[in-house]
Amino acid sequence: MAGALTLVSPAAPASATPLATATFSGHATSEILETFGAVGPPGTLAVRVDVGPATANVSRNASSATASNLLAKITGPPAINVQTLTASAPPPQTVGPTTLIPIPAAPLLDVKLLTGQATASWPKVGTCPAATVPASLGSVTTAAATIGGLGADLPSLIRTSVATTQSTTQLVSASGPAGTDTRAVQARATNTISSIDLFGGGGSGKPGITITINKAPTLTGLATGSTATSKLTFSPVGEP
Amino acid sequence: MTVGAAGTPVALSLGISVPINLTVGAIMLSGGINLNAGAVGVVNTGTMVAGDAALLTIGLTARINTGPAPIQVAAVELAVAPLHVDATSPKDGIQCATAPTPPPTTVTPPTTPPIPSGAPQTGAGGTAGVQEGALIALGLVLLVSGAGAGSMAYRRRRAGHAA
């Protein structure tokens, strides 16, 4: 018989990459409206306008979020950024909720009562955020947004209801070896818009159309590092 | 999702597309309204996931009807509730923290020869282990009883001297 007997606890397979060396990222963006207009033949002059964009980002040891009232880009010049709230971590930071500057583009574009908030929650270098808390969150709420309201007697092209856009990133718990805190990267974008009026809206004899949304559309991307469990889902808007 | 045209809601299926073709004077409007049912540009490699979606998209193009080749004068693309996500992860995820692993446990048995647990391969007697153990136990009993007997005899002698 051997002189010594050694009992070693079975070590869990170290399959996940430690935070210190892991390379990962998560991005989410959501907006109230996104418009792209071109005047003249293709390639002549183009304008892109994003209303109420909210972004969330995460990478190793850092997270950030933004909430803006308007981003506009005209062919050639740099983008016009009217007002953006920005939060970055570590250390954790929350900016807002803050009332954003109204967009001065009526009647072509009229956006009412914008409120933004940006939160970044990465606690400190080398330490992950809690699995149940977003690493970053950007959010914009508006009472209504109207495009194409060219006159009192002309119907607007589109008008949205109260809506909140929200973008989040999160290091969610994932299956892994026992005794380890294994995480996956989740990015989620959602919009709580409840109705859309097209061409002036419907009802009461109006010629337009009103679309009622029963459930907030939500787009979620989950990267686990495995094809079996990584997925991208667009939540069903829902039938009545 | 419902559409209330003239106050009468009508159920719509996701994925529906409503074409638009209008001619107002010399202006031709063409395009469509799409109620989108799913994400587009979907990528899923396991370590990377990405995609875009929008609840509703409207595309309109205005052209001047100048004959067989109308000239485009304007185009508008509009998306309601546009959403985008992308995420990347190392293979099998991120290890944020590991529960403390107990140090290896080492058990060193005594250096005395091991007690056979079975009968020897040859020869008589299959209880060697039991015999050795019994002998050790018997020796201990004798030692203790002997010491006790000696102690009693010593006490008796001391008592006798005292008397």
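**Buried residues, salt bridges and cores**

I211(A) counts as buried, its relative accessibility being 4%, where buried stands for a relative accessible area under 20%, exposed for over 50% and partly exposed for what lies in between, computed with a 1.4 Å probe on protein chains only. The structure is a predicted model, in which local features need a pLDDT of at least 70 and side-chain atom pairs count only at pLDDT 80 or more, whereas totals for chains, interfaces and linings use all residues; pLDDT is the predictor's confidence in each residue, from 0 to 100. Residues are numbered from 1 along each chain as its sequence is written, chains are lettered from A and ligands numbered from 1 in the order in which they are written, and side-chain values use heavy atoms, with hydrogens and water left out.

I211(A) belongs to strand β20 (residues 209-212) of chain A; strands (E, at least two residues) and helices (H or I, at least four) are DSSP runs numbered from the N terminus. The C-alpha atom of I211(A) is separated by 6.3 Å from that of D197(A), although the two residues are 14 apart along the chain.

Turning to charged side chains, a search of the whole structure, over all chains, yields 4 salt bridges, each defined as a side-chain nitrogen of Lys or Arg within 4 Å of a carboxyl oxygen of Asp or Glu. In one of them R48(A) meets E34(A), with 3.0 Å from N to O. This pair links distant parts of the chain, since R48(A) lies in strand β5 (residues 45-51) and E34(A) in strand β4 (residues 33-39) of chain A, 14 residues apart. R48(A) also forms a salt bridge with D50(A), here at 3.2 Å from N to O, and so E34(A), R48(A) and D50(A) are linked in a network of salt bridges. Within this network R48(A) is partly exposed at 35% relative accessibility and E34(A) is partly exposed at 24%, while D50(A) is buried at 8%. Another salt bridge joins R183(A) and D181(A), whose closest N and O atoms are 2.9 Å apart; of its partners, R183(A) is buried at 5% relative accessibility and D181(A) partly exposed at 25%.

The nonpolar side chains come next. A nonpolar core is a set of buried Ala, Val, Leu, Ile, Met, Phe, Trp, Tyr and Cys residues joined through side-chain atoms within 4.5 Å, and the largest such core has 35 residues, of which L33(A), V51(A), I158(A), I196(A), L56(B) and V80(B) touch the most other members. Among the elements that give two or more residues to this core are β5, β8 (70-74) and β19 (195-198) of chain A, together with β4 (27-35), β6 (48-64) and β7 (71-88) of chain B. The most is given by β6(B), with 4 residues. Apart from this core lies another, of 28 residues, including A87(A), A120(A), W122(A) and L171(A). V51(A), in the largest core, is in contact (heavy atoms within 4.5 Å) with residues including L33(A), L70(A), I103(A), L109(A) and V111(A), leaving aside its neighbours within four places in sequence.

Over all chains there is 1 aromatic pair. It is formed by F24(A) and W122(A), which are stacked at 6.4 Å centre to centre with 25° between the planes; rings of Phe, Tyr and Trp (its six-membered ring) pair if their centres lie within 6.5 Å, and planes under 30 degrees apart count as stacked, over 60 as edge-to-face and the rest as tilted. The pair links distant parts of the chain, with F24(A) in the loop between β2 (17-18) and β3 (25-30) and W122(A) in the loop between β13 (115-120) and β14 (136-142) of chain A, 98 residues apart. F24(A) is buried at 4% relative accessibility, and W122(A) is buried at 0%.

T224(A) sits in the loop between β21 (218-223) and β22 (231-234) of chain A and is buried, with a relative accessible area of 9%. Not counting residues up to four places away in sequence, T224(A) touches residues of both chains, among them A184(A), T229(A), G46(B), S89(B) and D92(B).

Confidence in chain B calls for separate reading: its pLDDT averages 67, and 50% of the residues score at least 70. Over residues 1-7 of chain B pLDDT stays under 50, and the model has 36 contacts beyond four places in sequence for them. Over residues 120-163 of chain B pLDDT also stays under 50, and for these the model has 5 contacts beyond four places in sequence.
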